[in-house]
Amino acid sequence: MITVDEALAVISAACAPRGSEFVPLAESLGRVLARAVTSDVDWPPFDTSAMDGYGLRVEDLAGSAGSLAERTRPAAAGDAPGAPLSRGETVRVMTGAPLPEGADTVVPVEDSMPESGRVSFRATPSKGDHVRRRGESIAAGSELLPAGRRLDARGIALAALAGAEPVFVHRRPRVAVAVTGSELVPAERRPGPGQLRDSNGPMLLALCRSRGVPAASRLPVSDDENAVRALFAKAGDDEDVLVTSGGVSAGDFDLLPPAAERAGFEILFHGVAMRPGKPVVFARRGAALWFGLPGNPVSSAVCFRLFVRRALDALEGDASPGPRLLPARLGRAVSVRGKRETDRDAVLDRSGPETSIVPLEGRGSHDLGAHARADALLRIPAGVERLEEGDEVSYLALEG
Ligand code: AMP
Ligand code: MG
């Protein structure tokens with residue numbers, strides 16, 4: 001059986017971006033750049049005032065007993081730069097207004113005393129005060145965002161500044177979700193004897209959508225050879241990734257892996273040394289990818305957050321694909337069952353200087369109640385039998 005890291009490497013190797021497109025910046029939140037964004041302008045684009053005040057040449061103050069002649073026309077944001085500043089002249093400038101050539105300093109309006117065409121100042125400024133120099137933040141031609149960066153609000157602001165409208169991004173992968181199991185009924189039905197409601201289907205769709213990935217729901221599949229065959233016959237027709245739940249462990253009705261192979265899928269892994277989630281399958285047929293997640297709800301969730309998440313990020317060309325593990329201190333000692341790498345539902349406490357994490361007393365991979373109370377998965381490495389309070393550990397945040 002392979003390890004979680006080995007499984008992630010297999011997924012990364014099998015998943016690359018599948019095309020790119022231009023989208024309006026207004027619709028680009030969460031998309032991954034297919035090409036670097038380079039600025040075609042300096043930022044600031046011209047010397048400008050950071051305050052409402054008076055623009056002046058600081059050396060003129062010495063020669064004029066601190067009083068300067070006020071230019072009649074003030075400079076406002078959006079004005080073209082006025083004529084160069086004459087000797088002994090000052091100009092009223094608003095925040096963001098271009099400074100005329102020669103103005104090297106701005107004195108805030110609060111420190112000014114204008115009187116009949118002349119202005120004197122309460123404070124002695126230093127050269128450069130309250131002036132934003134052209135290009136001091138960004139020089140034209142410099143790369144602002146690399147390809148592979150996922151756009152957030154800050155990235156979108158930079159892209160707009162650089163004129164990257166529309167912006168060139170990788171295509172989003174499309175996902176189809178199918179639940180399998182003859183015991184399942186939809187959420188709106190009351191389960192009969194031996195039945196239970198499908199919670200994985202809605203959960204897996206939500207996990208896709210909270211990443212902005214379009215996901216469609218397939219009809220539920222019963223534990224029946226024909227139904228499973230039909231599922232794989234159509235796999236990849238309308239999606240890049242088929243995600244199923246159930247039917248991948250060693251039970252008599254765990255029909256999916258052999259059916260997938262008969263349908264021409266190459267199994268890239270089946271079984272990962274982890275708890276929960278051990279029976280997980282990853283396979284491919286041509287461009288179609290299939291993740292077979294175990295049916296137990298917490299197993300399904302963990303496998304999605306580790307493996308499907310990696311695939312979706314890699315298919316989108318994300319240069320730092322998930323899952324992202326973060327450090328924390330263990331809030332209390334933990335004993336571990338078995339030797340497999342373990343992801344346990346846990347609660348974070350971020351109120352102290354260091355993040356502290358405490359695992360929940362869940363009852364196992366079916367315990368959706370505990371999973372819903374958790375805000376993190378505590379990662380316990382393979383072979384660890386016990387962790388002590390204060391040990392440095394890592395966790396995956398349960399966002400979305
Ligand atoms: P399986 O992986 O098919 O053996 O299923 C393992 C356990 O997960 C069984 O107890 C199933 O009833 C349960 N299960 C399977 N699919 C779902 C689902 N879609 N929603 C909730 N529980 C499920
Ligand atoms: Mg089943």
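## Ligand 1 and the two largest pockets

Sorted by class, the residues in the shell around ligand 1 are five nonpolar, nine polar and four charged. Welcome to this predicted model! Ligand 1 has 18 residues around it, and its home is the second largest pocket. The points below start with the ligand, go on to the pocket that holds it, and end with the largest pocket.

**Around ligand 1**

- Which residues come closest to ligand 1? They are Glu183, Asp198, Ser199, Gly247 and Gly295.
- Ser199 offers a polar backbone atom that lies 3.0 Å from a nitrogen atom of the ligand.
- Gly247 also takes part through its backbone, where an N or O atom is 2.9 Å from an oxygen atom of ligand 1.
- At Gly295, a polar backbone atom is 2.8 Å from an oxygen atom of the ligand.
- Taken alone, ligand 1 would expose 480 Å², and the protein buries 79% of that area.

**The second largest pocket, where the ligand sits**

- This pocket, in which ligand 1 sits, has a volume of about 480 Å³.
- Its lining is made up of 30 residues.
- Nearest the centre of this pocket are Gly246, Pro294, Gly295, Asn296 and Pro297. You have met Gly295 already, as one of the residues closest to the ligand.
- Two elements, β15 (196–197) and α7, each give at least two residues to the lining.
- By class, the lining of the second largest pocket holds eight nonpolar, 14 polar and eight charged residues.

**The largest pocket**

- How much space lies in the largest pocket? It holds about 670 Å³.
- There are 24 residues in its lining, and those nearest its centre are Arg211, Arg309, Gly322, Arg324 and Glu399.
- Helix α7 (297–315) and strand β28 (392–397) each contribute at least two residues to this lining.
- α7 is the top contributor to the lining of the largest pocket, giving three residues.
- Here the lining residues split into eight nonpolar, six polar and ten charged.

**A link to look for**

- As you explore the structure, try following α7: this helix supplies at least two residues to the lining of the largest pocket, and α7 likewise supplies at least two to the lining of the second largest pocket.

Note on methods: Residues numbered from 1 in each chain as written. Chains lettered and ligands numbered in written order. Predicted model: local features only at pLDDT ≥ 70, side-chain atom pairs only at ≥ 80, totals over all residues. Heavy atoms only, no water. Near = heavy atom within 4 Å. Polar contact = N/O pair within 3.5 Å; in protein donor to acceptor, adjacent residues only side chain to side chain. Areas by Shrake-Rupley, 256 points an atom, 1.4 Å probe, with all protein chains shown as cover. 1 Å grid on protein atoms, 1.4 Å probe; cavity = no way out; pocket = protein on both sides within 12 Å on 5 of 7 lines; lining within 4 Å. Sits in = over half its atoms within 2 Å of the grid points. Nonpolar A, V, L, I, M, F, W, Y, C, P; charged D, E, K, R; others polar. Points joined across faces, edges and corners; volume = space filled by probe spheres on them. Helix = DSSP H or I, 4+ residues; strand = E, 2+ residues; numbered from the N terminus.
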